[in-house]
Amino acid sequence: MANEEGGTGLVPADASVSHGRDVSAGTAVVQRDLAQNPGLPPHRPRTTDLDPKADKRSERGVSLLFYLSIVGSIGAIVSYFALPIVPDDPASVRLNTLFIGLSIALALLSIGIGAVHWGKALMADHEGIDIRHPTRGTDATRERAVEIFREADQESGFNRRKLLRNSLFGAFIAFPLPAIFLFRDLAPADNDPAELLRHTMWEEGVRLTRDPEGTPIKASDVTLGSAFHVIPEGLNETEHKLEEKAKAAVLLMRLKPEDLNVSPGREDWNYQGIVAYSKICTHVGCPVALYEQQTHHLLCPCHQSQFDIKNEAEVIFGPAKRPLPQLPITIDADGYLVARRDFTEPVGPSFWERGEYEQ
Amino acid sequence: MATARKTDARRFRIKSANAARRTRSPRAARRSPLATVALIAIGLLFTGGAYAAFNASSSDSGAVAASQESVERGEKLFAANCATCHGLALQGTEAGPTLIGVGAAAVDFQVGTGRMPLQNQSPQAPVKPVQFTDSDVDALAAYVSSISPGPSVPDSEYLDAAGDATRGAELFRINCAMCHNVAGAGGALTEGKYAPALTGVTEKHIYEAMLTGPQNMPVFNDANLTPEDKRDIITSLKYLENNPSPGGFELGSLGPVAEGLFAWIFGLGAIIALAVWLTARAN
């Protein structure tokens, strides 16, 4: 019969294979040499089915696991009282969490392993087949569903009252908009965020001070090879200390003046080889402070960008695209290091309006 | 004294072994010739130890005063071990930097931790077994600081690790943690250089490293971190070292890499093993 169809090797699916129930195979075709379903492998009885002793042993094993779980639960309570957390003693925290955690793990794992073992070794063992029922509803059900929709449309007038329907669509479209505008609150409310990113606490005459104490630094304190972690004077008294520090943090280093390649216009930005560079990476804003005093390279720990301090923090490796901004410095009448002005460009990573501030 | 007592015991055993040969087992009898060898060895050890002890005690007092004798001995040691790279006048050569102005602290750190003499020219001098005795290190330091003064070996009052650990930890996080890791576990720098782990480093060597800035480490002079600051930093490091981590297993304190690997290998491994067990047929 199938051979008369021609040499295609394909036959209609329902011609040779029965799907059990009265399911139409539609237009699907199956290959004639389709492998036959081998069916289930022969049933292999478990040792617990054959040997009553093994059955008993498994039963005892499972109940032992459940008893172990009880021991674990009680153990957790006991360790809570027996190993309390003592203030100022990290070792007590470790013992407390370790033993409570181990006991609870024992309690839960024993229940789980016991239950699985029960199911695998002791519960009735026979293979069964549940045929998947067809997903398509009966014709009557389908017609009724369409009818319900039509009735609802007529009774509500959804398609008839166009004004009503369209205004509802408009309401749905407008509803999520406030959520988008709420993002504006992530930036400070009373200032232009781009303007805030542009400026730092540094300005003319602000002293460079040590992080965290805020004590001023004399130029003579900065010996060759030194690295000072610097914050602007008065930072500790500001209201938003961390926000200001995140922009104004500076690394101060002293090189031999002949080692510095100074570009025109920056001649007076260093003081006798003492240079100050923003500590905020121009890539994504990690603090760049891994200073190698012999190579004069700065390494960013997050993505391995490297900056060459000899060449005005030029990028020599890594994903950063711009050199670190340099803070122009000099000394005041008392010999303390002060800033000449704010950074000439925004510090840190790029932001949307950054281009407007480039010089 | 202990060795003397032991020698007496040995001697006694030789005599009694002869007397009691008939009653003893043959194994005990065979021991008597060995005892002579042991006696000689103990005698040699004793004289050597006494000489070393005498030598050390005499040079200790000498180093404190940086006596002329110590400087002269240091000069000889320097000429024999260091001058090839650093030059006979400490002026430095192509192979090594000048030592003018580095001071006794730098010598004590570099030689006292075994970094110098340098094994080979590499990105960084590794820690290795110390090549000189303490008195030799002191003599070298006395010689180098006699040529041109520099930071001296720190006073023991700042090395007691009994300062303010909290303040020290804050200073450590600001000044040191970016390279040495927040738990002092060390970290990588560029081109094969690295910041070494700080666990197991003596208080004196930590202080000297801050003071002198060995290799690529920046200098933290007393105007930047006062001796009191340095004492606090050492205190916090020793606190970390001597107290167990409240979080349990530290996995080298290396952070997400070590922890992630642990979770992937053991966590996922356990999940896969459980899944295999769940779906396996019971026998």
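Q: In this predicted model, how many bridges join strand E9 of chain A to E10(A)?
A: Strand E9 covers residues 306–308 of chain A, and E9 and E10(A) run antiparallel to each other. Within this pairing, Phe307(A) stands opposite Val315(A) in E10(A). The number of bridges that join the two strands is 3.

Q: Which strands of the open sheet E7-E8-E9-E10 in chain A stand at the edges?
A: The open sheet has 4 strands, paired in the antiparallel sense in the order E7-E8-E9-E10. An edge strand has a single partner strand, so one side of it is left without a neighbour in the sheet, and in chain A this holds for E7 (290–292) and E10 (314–317). Neighbouring strands of this sheet are turned by 30 degrees against each other on average, with direction ignored. The strands at the edges are therefore E7 and E10.

Q: Is strand E5 of chain A mostly covered or mostly open, and how many of its residues are buried?
A: On one side of E5(A), Val250(A), Leu252(A) and Arg254(A) are buried, and on the other side Leu251(A) and Met253(A) are buried as well. The strand, which spans residues 250–254, is thus mostly covered, with the count of buried residues being 5 of 5.

Q: Which residue of E6(A) is the bridge partner of Leu251(A)?
A: E5(A) pairs in the antiparallel sense with strand E4 (residues 227–232) over 4 bridges, and there Phe228(A) stands opposite Leu252(A). E5(A) is also joined by 5 bridges to strand E6 (residues 274–278), again running antiparallel. In E6(A), the partner of Leu251(A) is Tyr277(A).

Methods: Residues are numbered from 1 along each chain as its sequence is written. Chains are lettered from A and ligands numbered from 1 in the order in which they are written. This is a predicted model: local features need pLDDT of at least 70, side-chain atom pairs count only at pLDDT 80 or more; totals for chains, interfaces and linings use all residues. Two strands pair if DSSP finds at least two bridges between them. Axes are lines fitted to C-alpha atoms, for helices over the stretch in contact, and angles run from 0 to 180 degrees between N-to-C directions. A residue is buried if 20 or more other C-beta atoms lie within 10 Å of its own, exposed if 12 or fewer, and partly exposed in between; C-beta atoms are placed from the backbone.
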